[in-house]
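Student: I would like to go through this model term by term, asking each time what justifies the word that is used.

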Amino acid sequence: MLGSIVIEKNSKIGAGSVVLKNVPENSTVVGIPGRIVAQNGVRLPRDLDHCDLPDPVSEKIKQLEKELDEMRYALDEIKKGASS
């Protein structure tokens, strides 16, 4: 738990969860950050759109390709200056 957090009666917190907000009665919280996944014995719907999750590997590859293009351009400029 981070900060001044109130966990109401009959609530459960999953192991390793990071609770950032108050937890209402009869709730189950899991995850990082902690999310209410069940309340009053009823599982809450989750609208996760997995196709929209970030892809850190793809983002890093794009960054490296951009840097490589910049270095190639700089090298070409150096070569042009040396041949003049």
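Student: What makes β2 and β3 a pair, and in which sense do they pair?

Tutor: This is a predicted model, in which local features need pLDDT of at least 70, side-chain atom pairs count only at pLDDT 80 or more, and totals for chains, interfaces and linings use all residues. Residues are numbered from 1 along each chain as its sequence is written, and side-chain values use heavy atoms, with hydrogens and water left out. Two strands pair if DSSP finds at least two bridges between them, and strands themselves are DSSP runs of E with at least two residues, while helices are runs of H or I with at least four, numbered from the N terminus. Strand β2, residues 27-30, and strand β3, residues 35-39, are joined by four bridges in the antiparallel sense, so the definition of a pair is met.

Student: Which residues stand opposite one another in β2 and β3?

Tutor: Ser-27 stands opposite Gln-39, Thr-28 has Ala-38 as its bridge partner, and Val-29 has Ile-36. The two strands form a hairpin with four residues between them, and Gly-31 in that turn has a positive phi of about 100°.

Student: What is the order of the strands in the sheet, and why is one side of β1 and of β4 left without a neighbour?

Tutor: The open sheet has four strands in the order β1-β2-β3-β4, with mixed pairing. β1 (12-13) and β4 (42-43) stand at the edges and each has a single partner strand, so one side of each lacks a neighbour in the sheet. β1 and β2 run parallel and are joined by two bridges, with Ile-13 opposite Val-29. β3 and β4 run antiparallel, likewise with two bridges, and there Gln-39 stands opposite Val-42. In the hairpin of β3 and β4, which has two residues between the strands, Asn-40 takes a positive phi near 55°.

Student: Why is Ser-27 called buried?

Tutor: Buried means under 20% relative accessible area, exposed means over 50%, and partly exposed lies in between, with a 1.4 Å probe and protein chains only. Ser-27 has 1% relative accessibility and therefore counts as buried. Leaving aside neighbours within four places in sequence, Ser-27 is in contact (heavy atoms within 4.5 Å) with residues including Asn-10, Ser-11, Lys-12 and Ile-36. Ser-27 and Val-29 make up the covered face of β2, whereas Thr-28 and Val-30 make up the uncovered one. As a general point, side chains in a regular strand alternate between the two faces of the sheet.

Student: How do you know that Lys-66 and Glu-70 meet in a salt bridge?

Tutor: A salt bridge is a side-chain nitrogen of Lys or Arg within 4 Å of a carboxyl oxygen of Asp or Glu. For Lys-66 and Glu-70 the N to O distance is 3.8 Å, so the pair satisfies that definition. The two residues are four apart in helix α1 (residues 56-83) and are therefore separated by about one helical turn. Lys-66, at 53% relative accessibility, counts as exposed, while Glu-70, at 44%, counts as partly exposed.

Student: How many salt bridges does the structure hold, and what makes Lys-80 and Glu-77 one of them?

Tutor: The structure holds two. The closest N and O atoms of Lys-80 and Glu-77 are 3.6 Å apart, so this pair too falls within the limit. Lys-80 and Glu-77 are three residues apart in helix α1, which means a separation of about one helical turn. Lys-80 is called exposed because its relative accessibility is 52%, and Glu-77 is called partly exposed because its value is 35%.
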